[in-house]
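This report describes the enclosed and open spaces of the model shown below, together with the ligand and two features of the backbone. The account begins with the enclosed space.

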Amino acid sequence: MSVRRVLCPGSFDPITNGHVDIIERAAALFDECIVAIFRNAAKAPLFEVRERVELCRQALAHLPNVRVEESDGLLADYARSRGVSALAKGLRVVSDFEYEVQMAHMNKRLAPEVETIFLVARPEHAFLSSSIVKDVARFGGDVSGLVPEPVRRALEAKFR
Ligand code: ADP
């Protein structure tokens, strides 16, 4: 029997409880789940890719069928090289939809054997993003309950 694998891509700068929820749900639907951290040079990340990988590993340590990898380049090529049957993305608000559907069409064109599946964000995560968490943490605001504890500590250390 072949192993069914799903890929959860993103920049995870840093991973939030919204990401963790989507990854837990994707991992429950497949045999294996790969979380791929893209460098995303365009975004001037707060955390180095190695730090993002480490924080994701800590935040996802409770999920035995999840592994975290760093990646670069074209997502469709990466998905192919890992033999995944699907990309799992989280949908928060309507504004996510437009961008995500465009990406899904392009990825389908580049790698037709890979499906994109969307998991709807929980209402309590619908307005949660890495950027807003960084904005709050930068000015000393409390982000506990929004990010995993190792991320909260890493943010505190960054902005101390
Ligand atoms: P990118 O920077 O490539 O958009 P992110 O790291 O911000 O990547 O997000 C990766 C994935 O996680 C995307 O599919 C995004 O829709 C999803 N996501 C981000 N924040 C949340 C959240 N609060 N709830 C559910 N899904 C989320």
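L75, L87, K89, E100, M103, A104, N107 and T116 line the largest cavity of this predicted model. Its volume is about 40 Å³, and the count of cavities of 30 Å³ or more comes to one. Two elements, β4 and α4, each give two or more residues to the lining of this cavity. The greatest contribution is that of α4, with four residues. By class, the cavity lining consists of four nonpolar, two polar and two charged residues.

In general terms, empty space is revealed by rolling a probe the size of a water molecule over the atoms. Besides the cavity, the open spaces deserve description. The largest pocket holds about 1100 Å³ of space. Two or more residues of its lining come from each of β1, α1, α3 (75–81), β4, α4 (94–110) and α5 (130–138). In total, 41 residues line the largest pocket, and those nearest its centre are P9, G10, S11, K43 and K89. Of the elements, α4 provides the largest share of this lining, namely eight residues. Thus α4 leads the contributions to the pocket lining and also gives the most to the lining of the largest cavity. K89 is likewise shared: this residue is among those nearest the centre of the pocket and is also part of the cavity lining. The pocket lining comprises 17 nonpolar, 14 polar and 10 charged residues.

What occupies the largest pocket? The ligand sits there. A shell of 15 residues surrounds the ligand, the closest being S11, F12, K43, G90 and L128. S11 and K43 therefore appear twice, within 4 Å of the ligand and among the residues nearest the centre of the pocket. At least two residues of the shell come from each of β1 (5–10), α1 (17–29) and β4 (86–91). The largest share is supplied by α1, with three residues. The shell divides into five nonpolar, six polar and four charged residues.

Three contacts between protein and ligand are listed below.

| Protein residue and atom | Ligand atom | Distance |
|---|---|---|
| F12, backbone N or O | oxygen | 2.9 Å |
| G90, backbone N or O | oxygen | 2.5 Å |
| R92, side-chain N or O | nitrogen | 3.2 Å |

The ligand, taken alone, exposes 550 Å², of which the protein buries 87%.

F12 also leads to the backbone features. Most residues other than glycine have a negative phi, and most peptide bonds are trans. F12 is not a glycine, yet has a positive phi of about 50°. Where does F12 lie? F12 is found in the loop between β1 and α1. The peptide bond from D13 to P14 is cis, its omega being near 0°. P14, too, has its place in the loop between β1 and α1. The loop that joins these two elements thus carries F12, whose backbone places an N or O atom 2.9 Å from an oxygen atom of the ligand.

Methods:
Residues are numbered from 1 along each chain as its sequence is written. This is a predicted model: local features need pLDDT of at least 70, side-chain atom pairs count only at pLDDT 80 or more; totals for chains, interfaces and linings use all residues. Side-chain values use heavy atoms; hydrogens and water are left out. A polar contact is a pair of N or O atoms within 3.5 Å; within protein, one must be able to donate a hydrogen and the other to accept it, and residues adjacent in sequence count only if both atoms are side-chain atoms. Accessible areas come from the Shrake-Rupley method with a 1.4 Å probe; for residues, only the protein chains shown count as cover. On a 1 Å grid over the protein atoms alone, a cavity is a set of points where a 1.4 Å probe fits but cannot get out, and a pocket is an open set with protein on both sides within 12 Å along at least five of seven lines; lining residues have an atom within 4 Å of a point. A molecule sits in a cavity or pocket if more than half of its atoms lie within 2 Å of its grid points. Ala, Val, Leu, Ile, Met, Phe, Trp, Tyr, Cys and Pro count as nonpolar, Asp, Glu, Lys and Arg as charged, and the others, Gly among them, as polar. Grid points are joined across faces, edges and corners, and a volume is the space filled by probe spheres set on the points.
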